[in-house]
Amino acid sequence: AVGRRSDHSREQLYELALNAARDIIEADGYRALTARNIADRIGYSAGTLYNLFENLDDLVVHINGQTLDDMYAELAGAEMGADPGANLRGLLARYLEFIGTRRDLWALLFEHSLPAGQRAPDWYARKIDKVISVLESALAPSCRETKPAQNIPPVIVGELHGICSLAESRKLDLLTTASATDMAHTLFDTYLAGLNARRGECPTIGQAEF
């Protein structure tokens with residue numbers, strides 16, 4: 001059982017709140033996430049959460065930050081070789097596995113939007129760049145010289161998300177009989193052909209919007 005307020009430091013309360021929020025999302029979906037539900041689960045008042053986070057949006061940013069860390073850990077474990085196509089396919093297998101085990105957390109990562117005019121903190125943008133850097137590493141063997149600001153990795157991330165979202169909502173079959181994996185392989189082949197046509201220009205990391 002969760003102890004009394006005096007039993008937990010601020011850091012412990014932070015971890016309790018995020019763990020409770022993730023449990024709620026994984027059990028009931030991210031739409032069930034409310035300050036009251038989180039507070040009830042950890043045995044504190046909703047006001048306690050607002051001593052830790054500015055608001056629910058801020059709490060979700062921290063949840064998504066953990067999800068990005070988990071995603072990076074999963075993708076960074078993929079073996080990288082001299083064949084960028086094989087590298088991308090290896091990353092895809094791990095990415096689809098990640099989605100399968102954290103479906104609602106993955107959905108929240110892409111579907112949550114901050115209020116108009118509010119930007120994600122710098123530490124969050126760095127987590128995004130870290131994930132994208134794995135994709136850049138996968139593409140690196142196709143590069144023979146460095147060229148600035150190609151932004152290819154974020155574009156692939158965006159298009160891959162579209163494919164996976166359609167597959168998760170079971171709408172992909174309205175467009176094609178191909179599987180999400182087959183569609184992703186076509187996407188990779190297209191971009192690799194484009195890189196080859198550009199004489200191996202190296203993509204650089206850019207900031208995708210999550």
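Okay, confidence to begin with: the mean pLDDT of the chain is 85, and 87% of its residues reach 70 or more. That tells you what we're looking at, a predicted model. Going element by element, α4 has the highest mean pLDDT, at 96, and strand β1, residues 145–146, has the lowest, at 46. There are stretches to be wary of. Over residues 145–149 the pLDDT is below 50, and the model gives that stretch nine contacts beyond near neighbours in sequence. Residues 205–210 are also below 50, with 21 such contacts in the model. Where pLDDT is low, predicted coordinates shouldn't be read in detail, so I'll leave those contacts alone.

Right, the overall layout. We've got nine helices and two strands, and reading along the sequence the order is α-α-α-α-α-α-α-β-α-α-β. The chain has 210 residues, and 41% of them are buried. Take the contacts between residues at least 6 apart in sequence: 74% of those join residues at least 24 apart. As for surface, the chain exposes about 11200 Å², with carbon and sulfur atoms supplying 48% of it.

Now the inside. Nonpolar side chains tend to be buried together in soluble globular proteins. Here, the largest nonpolar core has 60 residues, and Leu33, Ile38, Ile63 and Tyr95 are the ones with the most contacts inside it. Which helix gives this core its largest share? That's α7, with eight residues.

Let me pick out Tyr95 from that list. Leaving aside residues up to four places away in sequence, Tyr95 touches Met71, Leu75, Trp106, Phe110, Leu160 and Cys164. Two names there, Trp106 and Phe110, take us to helix α6, residues 103–111, where they're buried along with Leu105, Ala107, Leu108 and Leu109. So what covers the buried residues of α6? The cover includes α1 (10–28), α4 (56–76), α5 (84–101), α7 (122–139) and α8 (152–168).

Next, an arginine you might look at twice. Arg22 sits in helix α1. Buried or exposed? Arg22 counts as buried, because its relative accessibility is 14% and the cut-off for buried is under 20%. With residues up to four places away left out, Arg22 touches Ile63, Gln66, Thr67, Asp70 and Leu105. Ile63 was on our list of best-connected core residues, and Leu105 is one of the buried residues of α6.

For contrast, have a look at Arg170, in the loop between α8 and α9 (180–197). Arg170 is exposed, at 71% relative accessible area. Its phi is near 60 degrees, a positive value in a residue that isn't glycine.

Last topic, rings. The structure has three aromatic pairs, and I'll show you the one formed by Trp123 and Tyr124. You describe a pair like that by the distance of the centres and the angle of the planes. For this one, it's 5.9 Å centre to centre and 80 degrees between the planes, so edge-to-face, since over 60 degrees earns that label. The partners differ in burial: Trp123 is partly exposed at 27% relative accessibility, while Tyr124 is buried at 4%.

And one ring with a charge on it: the charged end of Lys130 sits over the ring of Tyr72, 4.4 Å from the ring centre.

That's my tour. Happy to take questions.

Technical notes: Residues numbered from 1 in each chain as written. Heavy atoms only, no water. Buried < 20%, exposed > 50% of the residue type's maximum accessible area, 1.4 Å probe, protein only. Helix = DSSP H or I, 4+ residues; strand = E, 2+ residues; numbered from the N terminus. Contact = heavy atoms within 4.5 Å. Core = buried A, V, L, I, M, F, W, Y, C linked by side-chain atoms within 4.5 Å. Phe/Tyr/Trp six-rings, centres within 6.5 Å; stacked < 30°, edge-to-face > 60°. Lys NZ or Arg CZ within 6 Å of the ring centre and 35° of its normal. Areas by Shrake-Rupley, 256 points an atom, 1.4 Å probe, with all protein chains shown as cover. pLDDT = per-residue confidence, 0-100.
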